[in-house]
Amino acid sequence: MNTPGLLIVISGPSGAGKGTLCNLIKKEFPNIYYSISATTRSSRQGERHGVDYLFMSREEFLELREANGFLEWAEVYGNFYGTPRSKVEENIAEGKDVILEIDIQGALHVKKQYPEGVFIFIVPPSIRELKRRIESRGQDSPEDISKRLKSAHTELAYVSEYDYVIVNDKIETAIAKLKSIITAEKCRPQRRKINFE
Ligand code: 5GP
């Protein structure tokens with residue numbers, strides 16, 4: 001039997017830079033399976049179905065949820081988001097590491113089911129910088145931006161639920177920290193079967 005893969009859960013306020021970090025991590029660790037979430041929100045410019053998200057209607061989402069198809073799901077900024085269960089479970093069982101980039105509600109659900117997961121919180125250097133990043137993305141409506149900024153204040157209170165926090169002020173430093181965390185977690189004796197033969 002394989003040693004199960006590592007389940008890495010990444011959360012943080014919108015605009016903290018999770019997406020950029022995860023894209024860089026994908027390049028550094030090509031064997032990690034990066035879970036593609038389902039969402040009922042409409043796609044932003046440049047986003048592709050099956051690459052960035054599985055874009056679904058509310059009906060499709062609710063049907064899959066009813067069939068226990070999600071490892072976790074949450075309503076975020078008025079839309080549903082969920083982690084399709086089967087791919088995550090298959091990859092972990094095969095010994096492959098898996099990254100979930102999900103919101104805090106989802107992360108707390110996953111923590112109940114997989115307490116052995118690694119929970120990482122990404123924070124921006126300041127709320128002002130967060131505002132600047134969300135606005136410069138130019139992809140969210142003014143109402144969306146204000147919803148996201150309001151949630152950021154609440155979300156930051158959950159840092160203590162996580163195993164690690166990374167302040168994303170400089171992307172190179174943040175990625176180096178993320179790599180170190182993943183590498184160190186994989187060296188934990190509890191996670192490894194060591195065979196000296
Ligand atoms: P965005 O609309 O900016 O792509 O994502 C909004 C929020 O939804 C982010 O905090 C993101 O981490 C979260 N999110 C994305 N996919 C999932 C998911 O599958 N489950 C949960 N619970 N949150 C998700």
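1. In what order do the strands of the open sheet of four strands stand, and with what pairing? In this predicted model, the order is β4-β3-β6-β5, and the pairing is mixed. Because β4 (54-55) and β5 stand at the edges of this sheet, where each has a single partner strand, one side of each is left without a neighbour in the sheet.

2. To follow the pairing inside that sheet, it helps to recall a general point. Strands of a sheet pair through backbone hydrogen bonds, and they may do so in a parallel or an antiparallel way. Strand β3, which covers residues 38-39, pairs with β6 in the antiparallel sense over two bridges. One place to find this in the structure is Ala38, which stands opposite Gly82 in β6.

3. A second arrangement deserves its own look. An open sheet of five strands is also present, with the order β2-β7-β1-β8-β9 and with parallel pairing. Here β2 (33-34) and β9 (164-167) are the edge strands, each with a single partner strand, so one side of each is left without a neighbour in the sheet.

4. Two pairings in the five-stranded sheet can be traced residue by residue. Strand β7, residues 98-101, pairs with β2 in the parallel sense over two bridges, and Tyr34 stands opposite Ile99 in β7. Strand β1, residues 7-11, also runs parallel to β7, to which four bridges join it. The bridge partner of Ile8 in β7 is Ile99, so that residue is worth locating when both pairings are studied.5. The ligand sits in the largest pocket. Which residues come nearest to the ligand among the 17 around it? They are Ser37, Arg41, Tyr53, Tyr81 and Asp103. Sorted by class, the shell around the ligand holds six nonpolar, four polar and seven charged residues. Strands also contribute to this shell, since β5 (70-76) and β6 (79-84) each supply at least two of its residues.

6. Some contacts with the ligand can be followed atom by atom. A polar side-chain atom of Tyr53 lies 2.5 Å from an oxygen atom of the ligand, while Asp103 places a polar side-chain atom 2.7 Å from a nitrogen atom of the ligand. Gly82, already met as the residue opposite Ala38, takes part through its backbone, with an N or O atom that lies 3.1 Å from an oxygen atom of the ligand. The ligand has 510 Å² of accessible area on its own, and the protein covers 95% of this area.

7. Finally, two residues should be checked for their backbone angles. Most residues other than glycine have a negative phi. Asn68, although it is not a glycine, has a positive phi of about 60 degrees, and this residue is found in the loop between α2 (58-66) and β5. Tyr77, which is not a glycine either, has a positive phi of about 45 degrees, and its place is in the loop between β5 and β6.

How values were computed. Residues numbered from 1 in each chain as written. Predicted model: local features only at pLDDT ≥ 70, side-chain atom pairs only at ≥ 80, totals over all residues. Heavy atoms only, no water. Near = heavy atom within 4 Å. Polar contact = N/O pair within 3.5 Å; in protein donor to acceptor, adjacent residues only side chain to side chain. Areas by Shrake-Rupley, 256 points an atom, 1.4 Å probe, with all protein chains shown as cover. 1 Å grid on protein atoms, 1.4 Å probe; cavity = no way out; pocket = protein on both sides within 12 Å on 5 of 7 lines; lining within 4 Å. Sits in = over half its atoms within 2 Å of the grid points. Nonpolar A, V, L, I, M, F, W, Y, C, P; charged D, E, K, R; others polar. Pairing = 2+ DSSP bridges.
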